Amino acid sequence: MSSNQTAAGVAPATPGATTPGSGIPNLKDRIPKLEPRQRKHQTSNQSPVPENPGLPSPPERSALSFKVPTRRILSPKDHDLFLSSPAYNLIVGFIFTLSESVVDIPVSSVKDAEVSEPVKIILGILDEADELCKQSPPDHQGGSRFGNKTFRLFLDKIKQSALEWHARLGLSNPEAVAEVSTYLNQSFGNRRRIDYGSGHELNFMIWLLCLYNLSIIGRDDFRPLVLRVFTRYLDLMRRVQMTYYLEPAGSHGVWGLDDYQFLPFLFGASQLLHHPFITPMAIHRELTIEEFGADYMYLGQVAFVNGTKTVKGLRWHSPMLDDISSAKSWNKIEGGMRRMFVAEVLRKLPVMQHFLFGSLVPAVEGMNEPESLGLATEDDDDEGGEVEVFDDKQGVRHVHQPSGWGDCCGIKVPSSLAAAEEMRKRGLGEQLRRIPFD
C-alpha cells in the first residue's frame, strides 16, 4: 500500500473484512484448506528380522501316538511356554521355509507336470469343499451384516467328508485321521462364532505341516503348496466369506493389515522380492494390479480388499497397506511381514489361545489342559477369551474366564464384505465409494 493511501486514511484490508460496496464478508482466508491424509514419515524398524530356525525332518511315524488336538494356551504363562518351545520353532520354520521357496516366482510358473499326486489330491479336496459351499446357500436374513447360520451346515458337510478325503491321502489309521482332520476342519472358521481370521488360516498351514510330518508331502512340494494349494485355499475362503458373511475374528478395523488373511502378504512379498519393475507403490496402480494380480499374491490380495470395501482408496480403508507401500523395497516389506507374523500371530495371545496341540505339533510340559479346568472345546467356546488359572492361599485352584471385550477378542464385528455385498444386492453399485476431497 502506498504512503498516499495511508495518508488518505485508507485502512489496510483485514482477513474476513467486508468487500466495499457489497456487504458480503470476504471469507477466502478463513476457510481451511482440505487436504488428504499425509503419510507418516517411515522410521526404520530397529528390531531384527526373525530368522528361519530351520525345518526338521519328519519324525518316525512309529514313534507317534496320535491324539485329537486340544487347546493348551489357556493363560499368559502357557503362551510364554509355547514361545520357547520346539513347536514354536517348528511352525516358524515351516512358514518361513515355504515363503523362501517362492522367492521371485510367479504363480503361473508352476506347471501341472510339477505337481505331485498328493498335491493334486489336496487340490481336489479344496475343489470338493468349494462344491459343498455352493450346495449350502445362505439363509435369507433381511440384509443383516452378521454371520449366516447356514455356515454351520457347510462345516458339518466338511467334517463328514474328512474321513474319505484323508483316505485318499493314504491315511487309514482312525486316530491319525482324527488328529490331522481337526486342523482341516478348523481351517474354514469357527462354527459357533461364525467368524474367521488369521488363526484359522494358520490351521490350514498346520494341516499341511501335519501332512509333511507324516511324509505324505515333501520339500519338493513346497513351491506348489504355496502357489497352487494356498492360492486355491484363498479363492475358496473368499467364496466362504462372501457367502456366509463371516465376521472377522479379532478385527482391528482399518488399522489392521487385513480383516481375514495375513499369509498372502508374506508369501506375496517373497514373490516380488527382486522384481525388476513392480515396486511397492504399484499397489496404487489399477492397471498393474489388474495385469499381475493373478500371478502375485500381494497384488491379488490388495485387489480383493479394494473390491470389498464400501469406500474407495487404500488411504481411507486400509491405511496400514497404504503406509507400507512407501517402503523403498520389497526386501523391507518382506522383513516387516516376517516380524508381523511373529508379533501379530504367534505372539498374540488372543490369536494363539485358539491354537490346537496334538502329537504332530506337541505342547510342552507345564501347559494347562482344558479337560482338567472344565473348559469348552474350541468349537463349543462361545467367547474364546483368555483364561486365568491360579491357586489361592488355601491351595484351591481357580479358573477365571473373564467376560467382556478383551484385546480384539469376543467382540462381534460385522463383516465389511457383507456391507459391500448388501450394497451390490440393492443395486447401489459404486455409490458412496469415493470419499470427498480424495
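**Buried positions and helix packing in the predicted model**

H200 counts as buried because its relative accessibility is 7%, below the 20% limit for burial. This residue is placed in helix α7. Beyond its neighbours within four places in sequence, H200 is in contact with Q186, S187, G189, N190, D195, Y233 and A249. A second buried position is Y245, which is assigned to this class because its relative accessibility is 4%. Y245 is found in the loop between α8 and β3 (247–248). The C-alpha atom of Y245 lies 6.2 Å from that of F146, although the two residues are 99 apart along the chain.

The structure described here is a predicted model. The average pLDDT of the protein is 82, and 70% of the residues score at least 70. The pLDDT falls below 50 over residues 396–411, a stretch that nevertheless has 41 contacts in the model beyond near neighbours in sequence. Residues 431–438 likewise stay under 50 in pLDDT, and the model has 17 contacts for them beyond four places in sequence. Predicted coordinates should not be read in detail where pLDDT is low.

In overall terms, the secondary structure of the protein consists of 17 helices and 6 strands. Of the 438 residues in the protein, 47% are buried. Among the contacts with a separation of 6 or more, 79% are between residues 24 or more positions apart. The protein has an accessible surface of about 21,700 Å², and carbon and sulfur atoms contribute 53% of this area.

Helix α4 comprises 18 residues (117–134). The distance from its first C-alpha to its last is 26 Å, close to the 26 Å expected at 1.5 Å a residue. Within α4, the buried residues are V119, I121, I122, L123, I125, L126, A129, D130, L132 and C133. These buried residues pack against three helices, namely α5 (151–168), α7 (198–213) and α8 (222–244). Helix α7, against which α4 packs, is also the helix that holds H200.

Helix α6 spans residues 174–185, and its end C-alpha atoms are 16 Å apart, in agreement with the 16 Å that its 12 residues should span at 1.5 Å a residue. Because 9 of these 12 residues are buried, α6 is largely enclosed by the rest of the structure. The buried set consists of A176, V177, E179, V180, S181, T182, Y183, L184 and N185. The partners against which the buried residues of α6 pack are α5, α7 and β4 (356–357). Helices α5 and α7 thus appear among the packing partners of α4 and among those of α6.

Helix α11 (residues 297–307) is likewise largely enclosed by the rest of the structure, because 8 of its 11 residues are buried. The residues concerned are M297, Y298, L299, G300, Q301, V302, F304 and V305.

The packing of α8 extends to helix α9 (residues 263–271), with the two axes coming within 12 Å and crossing at roughly 145 degrees. This crossing of α8 and α9 is left-handed. On the α8 side the contact is made by V226, L227, F230 and L234, and on the α9 side by L263, P264, F267 and Q271. Helix α8 is also one of the elements against which the buried residues of α4 pack.

Terms used:
Residues are numbered from 1 along each chain as its sequence is written. This is a predicted model: local features need pLDDT of at least 70, side-chain atom pairs count only at pLDDT 80 or more; totals for chains, interfaces and linings use all residues. Side-chain values use heavy atoms; hydrogens and water are left out. pLDDT is the predictor's confidence in each residue, from 0 to 100. Contact means heavy atoms within 4.5 Å. Helices (H or I, at least four residues) and strands (E, at least two) are DSSP runs, numbered from the N terminus. The expected span of a helix is 1.5 Å times one less than its number of residues. Buried means under 20% relative accessible area, exposed over 50%, partly exposed in between (1.4 Å probe, protein chains only). Accessible areas come from the Shrake-Rupley method with a 1.4 Å probe; for residues, only the protein chains shown count as cover. Axes are lines fitted to C-alpha atoms, for helices over the stretch in contact, and angles run from 0 to 180 degrees between N-to-C directions. A crossing is left-handed if the near helix is turned anticlockwise from the far one by less than a right angle, and right-handed if clockwise.
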